[in-house]
Amino acid sequence: MVFLERLGGWIWNPWLLGGFLLLGLYYSLRSGFFQVFECRLWLRATLGSLLRKRGRGNGKGLTQFQALSTALASTIGTGSIAGVATAIFYGGPGAVFWMWVSAFLGMMTGCAEKTLAVRYRRRNGAGAWQGGPMDYMERGLKLRPLAMMFSLFCVCASIGGGDMVQANSIATSLEHAFGWDRLAVGCVTAVLTGLVILGGIGRIGRVSEKLVPVMALLFLGGGVLVLARHAVAIPAALTEIVTQALTPKAALGGGMGYGMAAAMRYGVARGVFTNEAGLGSSAMAHAAADVDEPAEEGMWGLFEVFIATLLVCTVTALVILVSGVYAPQTALRAIQAETVDSSMVGAALSGAAFATVMGRWGGPFVAVCLLMFAFSSLLGWSYYGERGLEYLTGTSRWTGVYRMAFLVCVVLGSVGDVGTVWQLADVCNGMMALPNLAALFLLSPEALRLIQAWTRRQKSAPDRA
């Protein structure tokens, strides 16, 4: 476990995190900061389309909303609740600012990623669309070894971080909130997951388009309620976020303080893990969308990052900071003395924040939200693992075996100690990101060309409504 922890730290800190930021900055500069100056255009293509009557597709792929929901199912996971709380605890309020920076730049990375996924996708034996980073690595760059590397670590990440860690989060949260037996929770979770994933990407898409809006609205509604009750503290919290992010060492008294480096490390990492822009995973869901224009699907990549990080994670962060449950000096003393326990970080900290308004229901509310977030992540990552395995083996013959193994690991993750699995998942995610970031940079001329051409067509169309 020590080896995995050191390996994960070497991969993720700080040069790979810097790679995510630099690639996002590169795409932002080359596109003229499309995410800002063409905001009305991409919002009309995404949020605006949800308000208009749209067809249900041709049966050979997901609708764009189903593709978005499937991608959000994996990105809006436990990290949106527990991960943000942990980032603030270890990195200080300034971590939230760098999470915003990461998401802002990552919007263009996500846009390019989804555009390329649709550009290089192919139809499977049943005539349905499928694709992802492995396809644009092979077909766009002619680098099959790079695609094999990505696929291998994608399968490992799906079993570790996408399966066992999420199942453990479900079981432990329900055990703490309601006293339910973890093995029983794991078995029920495995059955419910199996009922969905055994129906393939079509069923995953149909379930996700119903589950994701409900869970997001439930959590955001609870968050808005807490923020409304603590509205007077919001300006101070926002000021604290910005000042501590840009101060070399924000002194809190007694010679203690959070450093800017820690804020950047935890903030950027949280942004990457919550929206997955540049990781390559969610591009596989978008590649299955029933859409003709690659860049049109790229707009949903922009929207996805906006929802996952700039909206959901921001609400979590503000709820923690305005509620008064987070004490910086206490956190720093515990970190320095190595006396941090589970009641001080993660979901427990988020639950305490919601409890300031919801009372004894704050903990159960967070537990239920965590349950839905983690369950949705199971659905999304099961498909990503299938795609990775199918690419590695060149056949879908092993899909059934993978699904059964995935469900068994749901039960194992529910009752086991997944500390080592967390470390393994971090390593696998990093090893997925390496080839994907390289591919996105090498294919940037084509991605930018597709985005710019689509933008010109949209602006010159006689009816843009």
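Phe 219, Phe 354, Phe 365 and Phe 373 come together as one aromatic cluster, a convenient place to begin a tour of this predicted model. In total, the structure holds 16 aromatic pairs. One of them joins Tyr 26 and Tyr 27, whose rings meet edge-to-face, with 5.9 Å from centre to centre and 75° between the planes. These two tyrosines can be told apart by their surroundings: Tyr 26 is partly exposed, at a relative accessible area of 25%, whereas Tyr 27 is buried, at 0%.

Tyr 26 also has a partner in Phe 441. The ring centres of Tyr 26 and Phe 441 are 5.4 Å apart and their planes stand at 55°, so this pair counts as tilted. The angle falls short of edge-to-face because that class requires planes over 60 degrees apart. The pairing of Tyr 26 with Phe 441 links distant parts of the chain, as Tyr 26 belongs to helix H1 (residues 2-30) and Phe 441 to helix H20 (residues 419-442), 415 residues apart. Phe 441 is itself partly exposed, with a relative accessible area of 45%.

Aromatic rings meet charged side chains as well. Arg 119 lies over the face of Tyr 120, 4.4 Å from the ring centre. In a further example, Arg 121 is placed over the face of Trp 129, at 4.0 Å from the centre of the ring.

Attention now turns to the interior. The largest nonpolar core contains 146 residues, and the members that touch the most others are Tyr 136, Phe 219 and Met 299. Helix H15 (residues 294-323) gives the most to this core, contributing 17 residues. Phe 219 is thus a familiar name, being also part of the aromatic cluster with Phe 354, Phe 365 and Phe 373. Leaving aside residues up to four places away in sequence, Tyr 136 touches Glu 113, Leu 116, Ala 117, Tyr 120, Leu 141, Asn 436, Ala 439, Leu 440 and Leu 443. Among these neighbours, Tyr 120 is the residue whose ring lies under Arg 119.

Finally, the view widens to the whole chain, which has 21 helices and four strands. Its radius of gyration is 21 Å, close to the 23 Å given by the globule rule for 465 residues, so the chain is as compact as a globular protein of that length. The C-alpha trace spans about 60 × 50 × 45 Å along its principal axes. Of the 465 residues, 58% count as buried. Contacts between residues at least 6 apart in sequence join residues at least 24 apart in 84% of cases. The chain exposes about 18,300 Å², with carbon and sulfur atoms supplying 65% of it.

Notes
Residues are numbered from 1 along each chain as its sequence is written. This is a predicted model: local features need pLDDT of at least 70, side-chain atom pairs count only at pLDDT 80 or more; totals for chains, interfaces and linings use all residues. Side-chain values use heavy atoms; hydrogens and water are left out. Rings of Phe, Tyr and Trp (its six-membered ring) pair if their centres lie within 6.5 Å; planes under 30 degrees apart count as stacked, over 60 as edge-to-face and the rest as tilted. Buried means under 20% relative accessible area, exposed over 50%, partly exposed in between (1.4 Å probe, protein chains only). Helices (H or I, at least four residues) and strands (E, at least two) are DSSP runs, numbered from the N terminus. A charge sits over a ring if NZ of Lys or CZ of Arg is within 6 Å of the ring centre and within 35 degrees of the ring normal. A nonpolar core is a set of buried Ala, Val, Leu, Ile, Met, Phe, Trp, Tyr and Cys residues joined through side-chain atoms within 4.5 Å. Contact means heavy atoms within 4.5 Å. The radius of gyration is taken over C-alpha atoms; the globule rule is 2.2 Å times the number of residues to the power 0.38. Accessible areas come from the Shrake-Rupley method with a 1.4 Å probe; for residues, only the protein chains shown count as cover.
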